[in-house]
Amino acid sequence: MTNPTPFTSEEEELAELDMEASRPTLDDVNAEVEIFDAVRGQSAFPVQPVRLTPEDTFSFRCHPELSCWNKCCHGADITLTPFDILRLSRRLGIRPAEFLVEYTVPAIHDKADLPIAKLRSGGEDGRGACPFNAPEGCTVYEDRPATCRYYPLGMVSMKMKDMEGKDDFFFLVKEVHCQGHCDAKTQNVGQFRAEQRVEDDERVNRGWIDILMKMASWKVLGGPMGKAPDPRTKKMFFMATTDVDAFRRFVFETRFLETYDIAPDAVEIVRTDDEALLLLAFDWLKNVLFNEPTIALREQVLQQAIAKARDSMGAA
Ligand code: SF4
Ligand code: SF4
């Protein structure tokens with residue numbers, strides 16, 4: 001894994017964004033982003049074209065007696081969330097940098113055009129078994145990725161025109177090999193999500209989902225405020241969302257804390273708390289990418305950046 005990029009000129013970037021308020025806005029944009037696409041098998045994407053709410057019911061039960069047992073853990077297409085990487089690294093007793101090298105392949109999130117990590121399947125063509133698959137089932141079951149927890153549901157985050165916030169909905173994936181759909185057990189989406197214990201995933205990953213969602217919305221306008229993120233910003237996004245140790249070095253070994261106004265007690269928490277550090281990473285990325293007020297520049301830094309930006313625009 002790469003070392004963190006040296007902290008250079010986010011304050012200049014921010015001031016520049018501030019000066020570009022006349023560029024296109026998100027007001028006229030609709031966007032839907034698949035977060036957990038639920039494709040674990042090898043068939044085409046057999047989504048039931050129905051938007052499910054937490055109250056909607058479906059029949060499904062997965063168990064080892066089924067003839068399809070483990071089939072869905074071969075050639076799986078699994079996007080790893082920031083929390084997945086953290087939780088699986090802990091489970092394996094390694095740090096995220098090692099986990100990324102050993103178990104993932106880099107990829108690009110189609111709609112957001114941002115770098116992500118996917119779980120690497122075995123086999124030369126990448127369609128073999130998941131590294132955590134065993135005859136008895138998933139060897140990391142309690143800590144399996146969110147996509148595996150959700151299966152056979154997918155989740156879409158959605159923002160519609162004129163809608164202040166965003167909305168999530170779910171859909172059912174019926175892959176032909178999956179016998180679980182033939183079981184009589186019926187549950188509603190909310191019960192299934194509670195059984196799969198997805199709340200922690202969603203609590204920690206929410207900021208990351210927001211960023212993917214917002215970036216997908218901006219993409220049709222060329223990027224945030226009409227400008228696509230440069231390669232360095234994308235590299236920072238990948239570092240901050242996949243490797244908490246690299247982001248921690250970025251926070252504590254660069255001018256980050258001289259630049260941003262972070263409460264002293266929060267600084268002490270993120271020194272050791274990986275989940276809290278991820279939340280800080282998401283806040284920082286929202287600020288850098290979208291100029292959101294999720295993290296504040298120190299007053300002196302802000303004034304200097306504004307003065308510099310005005311100067312460069314000839315508005316002394
Ligand atoms: S993590 Fe577990 S459930 Fe998910 S694909 Fe691998 S073996 Fe299957
Ligand atoms: S029932 Fe579906 S999810 Fe369970 S093992 Fe079979 S294919 Fe996989």
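A residue is called buried here if 20 or more other C-beta atoms lie within 10 Å of its own. By that rule, 35% of the 316 residues of the chain count as buried in this model, which is a predicted one. The chain is built from 12 helices and 10 strands, and a good way to begin reading its fold is to ask how far apart in the sequence the touching residues are. Among contacts with a separation of 6 or more, 79% join residues that are 24 or more positions apart.

The buried residues lead us to the interior. In soluble globular proteins, nonpolar side chains tend to be buried together. The largest nonpolar core of this chain has 59 residues, and those that touch the most other members are Leu 153, Leu 212, Met 215, Ala 240, Phe 247, Ala 281 and Leu 285. This core lies between domain 1 (10-24 + 222-312) and domain 2 (31-206), because both domains give residues to it. Leu 285 offers an example that can be followed in the structure: leaving aside residues up to four places away in sequence, Leu 285 touches Ile 211, Phe 237 and Ala 240.

From the core we can turn to one of the sheets, an open one of 3 strands in the order E3-E5-E4, with antiparallel pairing. Strand E3 (79-80) and strand E4 (104-109) stand at its edges and have a single partner strand each, so one side of each is left without a neighbour in the sheet. The antiparallel pairing of E4 with strand E5 (residues 114-119) runs over 6 bridges, and it can be traced residue by residue, since Thr 104 stands opposite Leu 119 in E5, while Val 105 stands opposite Lys 118 in E5. E4 and E5 form a hairpin with 4 residues between them, and in the turn Asp 113 has a positive phi of about 55°.

Finally, there are the ligands. Ligand 1 has 11 residues around it, of which Cys 73, Cys 130, Asn 133, Cys 138 and Cys 148 come nearest. Sorted by class, the shell around ligand 1 contains 8 nonpolar, 1 polar and 2 charged residues. Ligand 2 is surrounded by a set of residues that includes Cys 62, Cys 68, Cys 72 and Cys 178, together with others such as Trp 69, Tyr 151 and His 177. The shell around ligand 2 divides into 7 nonpolar, 4 polar and 1 charged residues.

Key. Residues are numbered from 1 along each chain as its sequence is written. Chains are lettered from A and ligands numbered from 1 in the order in which they are written. This is a predicted model: local features need pLDDT of at least 70, side-chain atom pairs count only at pLDDT 80 or more; totals for chains, interfaces and linings use all residues. A residue is near a molecule or strand if its C-beta atom, placed from the backbone, lies within 6 Å of it. Ala, Val, Leu, Ile, Met, Phe, Trp, Tyr, Cys and Pro count as nonpolar, Asp, Glu, Lys and Arg as charged, and the others, Gly among them, as polar. Two strands pair if DSSP finds at least two bridges between them. Helices (H or I, at least four residues) and strands (E, at least two) are DSSP runs, numbered from the N terminus. A nonpolar core is a set of buried Ala, Val, Leu, Ile, Met, Phe, Trp, Tyr and Cys residues joined through C-beta atoms within 7 Å. A residue is buried if 20 or more other C-beta atoms lie within 10 Å of its own, exposed if 12 or fewer, and partly exposed in between; C-beta atoms are placed from the backbone. Domain bounds come from an automatic or database domain assignment. Two residues are in contact if their C-beta atoms, placed from the backbone, lie within 7 Å.
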